[in-house]
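I have opened a fresh page for a protein I have not looked at before. Here is what I am going through, for anyone who would like to read along.

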Amino acid sequence: MTVHIGEHAIGENQPVYVIGEIGLNHNGDVEIAKQLIDVAADAGAQAVKFQKRTPEISTPEHMKNTPRSTPWGDMTYLEYRYRVEFSREQYIEIGDHATLRGLDWFASPWDVPSVDFLEDLNVCAYKVASASVTDLELLDAMAATGKPVILSTGMSTLEEIDAAVARFDRDKLVLLHATSTYPLPAEEANLRMIGSLDERYAGIPVGYSGHEPGLQISIAAVALGAVAVERHITLDRTMWGSDHAASLEPHGLQNLVRDIRIIEQAMGDGVKRVFPGEEAPKAKLRRVGA
């Protein structure tokens with residue numbers, strides 16, 4: 001099955017759909033967001049993704065008054081969440097920039113009002129964050145838009161994923177295998193889950209959302225059949241913020257997209273044949289014919 005997001009098709013025998021997850025790595029700065037959009041476009045990605053919250057609703061109660069040291073001074077966690085949220089006008093500005101750079105753009109809404117906010121901006125798709133897999137009210141709000149949905153499966157049991165998948169039109173759903181450890185150690189990547197998800201939810205495209213340092217695990221995910229790859233991106237991994245250390249810098253994203261395209265070409269169709277490039281070595285080296 002193929003799912004269409006923007007001008008792109010996601011599924012078997014389609015180019016791997018590469019998503020640059022900007023998330024909150026813009027640190028509340030529109031210019032940084034635009035630079036990250038440029039990073040994704042220059043690397044050859046197809047999409048960028050943000051996170052949208054109504055902080056008063058989406059922030060866990062026990063976290064709201066937790067002290068947080070930030071570049072803007074000490075504040076509560078709730079105040080910090082408001083500080084890094086973009087307004088409607090700012091989203092229009094960064095969304096227009098992404099469109100002009102030829103990228104799909106969308107976001108992970110963390111609460112129902114955020115779905116309404118994004119729907120007003122006419123995003124082309126929605127992303128379910130791993131933390132939201134069990135928020136059935138939120139899932140229903142996304143499903144009601146009729147837009148394609150990408151569902152990350154980190155920190156979730158198969159039973160929880162089953163319940164989430166049941167809320168959506170399977171023809172408009174993409175699953176991403178994920179492990180929600182930041183940064184991700186190799187022993188927790190569990191890449192064989194790509195095949196397990198593909199088998200369990202037959203017909204639904206399966207990709208990979210990675211939080212590991214480096215590129216190897218994401219590249220291996222493509223070799224194992226992932227039809228989409230999402231990676232956090234940053235201008236500099238040493239920047240302040242919780243996700244920067246598990247993100248790819250510009251040269252890392254460029255190398256990832258380059259290597260994914262090489263892997264796509266290398267996978268072939270599984271039909272054994274003698275390739276044209278083998279004919280000269282065959283004539284030179286094979287002593288006994290068939």
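My entries below go from the whole chain to a few charged pairs.

**Entry 1: the whole chain**

I started by noting that this is a predicted model. I then looked up the secondary structure and found 11 helices and 12 strands. Next came the radius of gyration, which is 21 Å. The globule rule gives 19 Å for 290 residues, and the two values are close, so I wrote the protein down as being as compact as a globular protein of that length. I also noted the box that the C-alpha atoms fill along the principal axes, roughly 80 × 40 × 40 Å.

**Entry 2: inside and outside**

How many of the residues count as buried? I found 49% of the 290. For the contacts with a separation of 6 or more, I saw that 66% are between residues 24 or more positions apart. The accessible surface comes to about 13800 Å², and carbon and sulfur atoms hold 51% of that.

**Entry 3: charges**

I looked up 27 positive and 42 negative charges, whose mean positions lie 9 Å apart. The salt bridges come to 18, and I picked out a few to visit.

**Entry 4: lysine 49 and glutamate 21**

These two side chains form a salt bridge, with N and O 2.8 Å apart. Which parts of the chain does the pair link? They are distant ones: lysine 49 belongs to strand S4 (residues 47-52) and glutamate 21 to strand S3 (residues 17-23), with their positions 28 residues apart. Is lysine 49 buried or exposed? Its relative accessibility is 1%, so I put lysine 49 down as buried. Glutamate 21, at 3%, counts as buried too.

**Entry 5: lysine 34 and glutamate 31**

Here I stayed within one element, as both residues sit in helix H1 (residues 30-43), three residues apart, about one turn of the helix. Their salt bridge has its closest N and O atoms 3.9 Å apart. Lysine 34 counts as buried at 19% relative accessibility, given that the cut-off for buried is under 20%. Glutamate 31 is partly exposed, at 45%. I then followed the shared partners and found that salt bridges join Glu31, Lys34 and Glu93 into one network.

**Entry 6: aspartate 269 and arginine 273**

My last stop was the salt bridge between the side chains of aspartate 269 and arginine 273, at 2.7 Å from N to O. I noted arginine 273 as partly exposed, with a relative accessible area of 35%.

Note on methods:
Residues numbered from 1 in each chain as written. Predicted model: local features only at pLDDT ≥ 70, side-chain atom pairs only at ≥ 80, totals over all residues. Heavy atoms only, no water. Helix = DSSP H or I, 4+ residues; strand = E, 2+ residues; numbered from the N terminus. Rg over C-alpha atoms; globule rule 2.2 N^0.38 Å. Buried < 20%, exposed > 50% of the residue type's maximum accessible area, 1.4 Å probe, protein only. Contact = heavy atoms within 4.5 Å. Areas by Shrake-Rupley, 256 points an atom, 1.4 Å probe, with all protein chains shown as cover. Lys, Arg positive; Asp, Glu negative; His and termini not counted. Charge placed at Lys NZ, Arg CZ, Asp CG, Glu CD. Salt bridge = Lys/Arg side-chain N within 4 Å of Asp/Glu carboxyl O.
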